[in-house]
Structures are given as structure tokens and as C-alpha cells.
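Work through these exercises with the sequence and the model side by side. Try each task before reading its solution.

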Amino acid sequence: ATRIRSLNLENVGMSGAGAASLASALARAAALTSLFLDGNPLGPPGMEALARHLNMSSLVKLNLSGSQIGPTGARSLAAALRDNTQLETLFLCDDQLGDAGAAEMGDCLAGNKGLRQLALCNNAIGTAGAAALAAALATNATLQSLDLRDNSTLGPAGTATLADALPRNTALHSLGLVGANPGAEGAAGLAAALTRNVTLQRVSLDGLLLAEVLV
């Protein structure tokens with residue numbers, strides 16, 4: 001068995017077929033804990049292949065940003081992760097998730113007890129996706145970092161929806177909302193929520209809005 005602990009296959013042009021070949025090897029790579037596949041056009045088929053073998057792997061960190069998995073790929077991944085306690089860090093930025101994909105990840109977080117860090121930057125997540133993530137945050141007790149940067153579609157309503165869940169969350173330490181376009185309504189919701197949340201240590205917002213939250 002290989003002793004490789006970290007494998008970087010970033011931007012190598014891997015498609016779904018390549019992902020299927022790689023996935024079948026994951027179960028035999030007992031030492032592999034970090035896998036970087038960002039920037040490869042895996043698509044939903046590639047994600048489905050990886051998801052089928054994910055729970056047989058030793059992966060702790062997985063980067064799938066820019067892999068074009070979309071909502072369908074997110075569904076496959078979420079199904080695999082619901083009972084997974086091994087994977088701790090997952091990057092899904094620029095993956096065309098939309099609200100439907102965010103909802104899949106929200107459903108996953110509601111039952112997952114392994115993920116500590118989740119990045120969903122630049123995925124056109126709006127109010128509906130925010131509602132699914134907020135519902136998960138209200139019950140999830142293990143996720144420590146959620147990065148939602150550059151989802152301008154969150155807007156005031158989506159940001160306020162996320163903020164409503166924060167007083168009930170007891171695990172999150174970091175929340176990234178730079179470029180989330182929260183407006184005054186979202187900023188006010190965050191400000192109110194932070195007075196009732198005891199675990200958040202870092203909230204990333206655009207400068208002026210952060211000043212409003214801290215008032």
C-alpha cells in the first residue's frame with residue numbers, strides 16, 4: 001500500500017472517467033488523508049464515483065473547488081457524508097451549487113458529525129439555500145468554520161436567515177460572509193445574533209458592514 005499522505009491533482013484536466021479510476025484506488029490508499037482535486041471538470045459523474053468510495057477512504061481533507069459538480073454532484077456527496085466521521089475539511093467553492101446544492105449540504109450537515117470546516121464560496125447561494133444551512137446550524141454540534149464568501153445572492157434576507165440560527169449554534173467559531181451583500185437588514189440581524197452567540201470568534205464581512213455589526 002502507498003505511504004503517500006497528501007495528493008495534489010489540481011488543474012490536471014481530470015474528467016469523470018479519471019475520477020472513477022482514482023476513486024477505486026482510494027480504499028487501498030490507507031495513508032492518504034489529503035486530496036486536492038480543485039479545478040478539474042469532474043462534473044456530477046465524477047463526483048458520484050468519488051462519493052461511492054469516500055467512506056472506504058482515510059481522507060480527512062478534500063478540495064473539490066471548481067469541479068463543476070452542481071446540485072446533482074452535491075446530492076451524491078451529501079449522501080456519502082451523512083454518516084461519515086472521518087472527513088473534517090471540505091472545499092466546494094465555485095462548484096455551481098446554487099440553492100439546490102446548498103440545500104443538499106444543509107441536509108448533510110444536519111446529520112454529519114465529522115466535518116469541522118466547510119467552504120461554499122461563490123456558489124450563487126440565495127435565501128432558500130441559506131434557510132437550509134441555517135436549519136443545519138441550529139442542530140449541528142461539530143462544524144467550526146463555514147465560509148460563504150462571494151455569494152452576493154444571499155442578500156439581506158439570506159444573511160438574516162443565517163443570523164437567526166446563530167444563537168442556537170454552539171460549535172461555529174468562524175463565519176465568512178465577505179461579498180454576501182447583507183445590506184443594513186442583514187447586518188442588523190447579525191449584530192443581534194452575535195449578542196446571543198457564545199462561540200463565534202471570527203466573522204468576516206465587508207469593512208463598513210462589519211463596523212455596523214460591532215456598534
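Two strands count as paired if DSSP finds at least two bridges between them. Keep in mind that this is a predicted model.

**Exercise 1. The sheet**

Find the order of the strands in the open sheet, and say which strands stand at the edges.

Solution.
- Step 1. Strands of a sheet pair through backbone hydrogen bonds, either parallel or antiparallel.
- Step 2. Here eight strands form an open sheet, and the pairing is parallel. The order reads β1-β2-β3-β4-β5-β6-β7-β8.
- Step 3. β1 (6-8) and β8 (202-204) each have a single partner strand, so one side of each has no neighbour in the sheet. These two are the edge strands.
- Step 4. Ignoring direction, neighbouring strands of this sheet are turned by 0° against each other on average.

**Exercise 2. One strand pair**

How many bridges join β6 to β7? Which residue of β7 is the bridge partner of D147?

Solution.
- Step 1. β6 covers residues 145-147 and β7 covers residues 174-176. The two run parallel, joined by three bridges.
- Step 2. D147 has G176 as its bridge partner in β7.
- Step 3. Now look at the side chain of D147. It meets that of R149 in a salt bridge, 2.8 Å from N to O.
- Step 4. Check accessibility. D147 is buried, at 16% relative accessible area, while R149 is partly exposed at 36%.

**Exercise 3. The salt bridges**

Search the whole structure: how many salt bridges are there? Describe the ones formed by R52 and by E104.

Solution.
- Step 1. Side chains of opposite charge can pair when their charged atoms come close. The cut-off is 4 Å between a side-chain nitrogen of Lys or Arg and a carboxyl oxygen of Asp or Glu.
- Step 2. The search returns three salt bridges.
- Step 3. R52 pairs with E48, with 3.7 Å between the closest N and O atoms. Both lie in helix α2 (residues 43-54), four residues apart, which is about one helical turn.
- Step 4. R52 is exposed, with a relative accessible area of 53%. E48 is partly exposed, at 41%.
- Step 5. E104 pairs with R75, and the closest N and O atoms are 3.2 Å apart. E104 sits in helix α4 (residues 98-111) and R75 in helix α3 (residues 70-81), so the pair ties together parts 29 residues apart in sequence.
- Step 6. E104 is buried at 14% relative accessible area, whereas R75 is partly exposed at 43%.

**Exercise 4. Two cysteines**

Why do C93 and C121 form no disulfide?

Solution.
- Step 1. A disulfide is a covalent bond between the sulfur atoms of two cysteines. The cut-off is 2.5 Å.
- Step 2. The closest cysteine sulfur to that of C93 belongs to C121, 3.2 Å away, and that is too far for a bond.
- Step 3. The whole structure accordingly has zero disulfides.
- Step 4. C93 is buried, with a relative accessible area of 10%. C121 is buried too, at 5%.

**Exercise 5. The buried residues of α5**

Which residues of helix α5 are buried, and what do they pack against?

Solution.
- Step 1. Take α5, residues 127-137. Its buried residues are G129, A130, A132, L133, A134, A136 and L137.
- Step 2. Follow their contacts. They pack against α4, β6 and α6 (155-165).

Methods: Residues numbered from 1 in each chain as written. Predicted model: local features only at pLDDT ≥ 70, side-chain atom pairs only at ≥ 80, totals over all residues. Heavy atoms only, no water. Axes fitted to C-alpha atoms, helices over the stretch in contact; angles between N-to-C directions. Buried < 20%, exposed > 50% of the residue type's maximum accessible area, 1.4 Å probe, protein only. Contact = heavy atoms within 4.5 Å.
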